[in-house]
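I opened my notebook to record what I looked up. My entries follow the structure.

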Amino acid sequence: MSGQTEPTITLDVREIIPRERHPLILKTFDDWAHRSLRKRIIMLRKLLVPFMLFSLVTGVAISAQEMDTAAIISGAWVRATVTTAASQSEETPEAAMPMGGVSAAYMIIENPLANAIRLSSVETNAAAVVELHETQMQGDVMQMRPVEGGIVIAANESAALQPGGFHVMLLDLQQNLVEGEAIQAALNFEILDDSGEASGETFTQIIGLPILTEPPAPHTLIIQNVWGRPAAGDGSDTMPAGSVSAVYLTIYNPGETQERLLAAETEAADIVEIHEVTMQNDVMQMRPVEGVDIPASETVALAPGGLHIMLLDVRQPLLTGEAIMLHLHFESGEEISLAVPIYDRLMMMAS
Ligand SMILES: [Cu+2]
């Protein structure tokens with residue numbers, strides 16, 4: 001890169017991100033998370049201010065995502081039905097596990113709200129039937145059974161969905177679950193009132209699930225609110241021509257030393273760059289940055305209108321409902337592999 005001029009990609013972001021889709025609320029995450037969902041929705045409607053203008057005037061990238069998380073999901077994964085070893089053997093992957101098979105997904109769900117929440121259902125394109133199950137010992141026999149009414153998580157507590165306990169059962173698989181790839185799932189929650197009954201308030205959280213054979217290794221940084229823009233190239237997507245996409249996320253560094261995001265890579269695109277959006281003569285421009293500092297005890301948001309991970313030369317359409325794996329490289333040597341769900345989060349938040 002040295003000695004060369006950094007290429008600048010010019011893109012009129014106003015075309016891509018309609019202004020009215022940007023709710024702007026200047027609240028810290030904690031304030032935000034402790035409000036009831038209904039209050040939050042009212043605030044969203046009241047505070048539909050022109051996001052672009054504000055972010056340009058202040059030069060601050062506003063993270064809409066940072067503020068709408070109502071449950072904190074970590075360690076999510078789904079069990080592979082096709083392992084890398086099997087797919088490399090003479091057997092075709094299709095032969096290793098026929099469609100219509102079963103699998104299970106696991107995760108830790110943390111509830112930062114002042115009310116209890118209930119995971120009532122899960123949806124994914126990868127399976128025709130999804131049930132919440134628990135595993136119990138009956139004498140010496142391990143049994144699975146559906147959880148009646150969903151999984152309740154008390155205020156400020158967490159629930160572990162893990163092998164041998166609660167899990168998300170995927171039945172009648174619609175695709176092979178190939179180790180190293182990823183699927184998307186929508187988690188449907190109900191907010192409970194003080195007596196433990198459904199309050200009528202619900203929220204849905206969309207996550208990516210890496211397809212693995214064992215739980216992912218824990219890492220130091222906490223990454224939330226991950227999503228990638230659809231790039232279908234069929235006119236229904238929000239990025240032009242299906243050739244580029246962008247991934248957004250927030251990174252929290254709970255450690256005592258500064259960390260730095262250096263690079264990212266994915267099999268879904270030939271070129272992956274870390275970009276920032278700047279203003280040049282009334283036109284928003286994106287340009288590569290060398291890295292992103294994540295100071296100790298701070299959260300850095302990669303969000304529309306600001307920093308993002310740019311996918312250039314996307315190799316195949318990125319369709320809503322799918323997920324891709326993205327690998328992040330940090331200065332400390334830490335490497336984090338993320339399952340990035342593909343969907344239009346801004347559209348979802350505004351609806
Ligand atoms: Cu970019």
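**Entry 1: burial.** I checked two histidines first. His275 is buried, and His308 is buried too. Buried means under 20% relative accessible area, exposed over 50%, and partly exposed in between (1.4 Å probe, protein chains only).

**Ground rules.** I noted that this is a predicted model, where local features need pLDDT of at least 70, side-chain atom pairs count only at pLDDT 80 or more, and totals for chains, interfaces and linings use all residues. Residues are numbered from 1 along each chain as its sequence is written, and side-chain values use heavy atoms, with hydrogens and water left out.

**Entry 2: the copper ion.** Which residues are its protein donors? I found His275 (ND1), Met286 (SD), His308 (NE2) and Met310 (SD), lying 2.0 to 2.4 Å from the ion. Donors are N, O and S atoms within 2.8 Å of the metal (3.2 Å for Na, K and Ca); water is not among the atoms, so sites may look incomplete. The four donor atoms subtend angles of 89 to 121° around the copper ion, so the arrangement is tetrahedral. For four donors, that term requires all angles to lie between 85 and 135 degrees. In sequence, I read the donor spacing as H-x10-M-x21-H-x1-M. His275 sits in strand β15 (residues 269-280) and His308 in strand β19 (residues 308-314), so the pair ties together parts 33 residues apart in sequence. Strands are DSSP runs (E, at least two residues), numbered from the N terminus.

**Entry 3: a loop residue.** I looked up Asp282 in the loop between β15 and β16 (283-288). Asp282 is not a glycine, yet its phi is positive, about 70°. Asp282 counts as exposed because its relative accessibility is 58%.

How values were computed: Tetrahedral: all angles 85-135°; square planar, octahedral: opposite > 155°, others 65-115°. Helix = DSSP H or I, 4+ residues; strand = E, 2+ residues; numbered from the N terminus.
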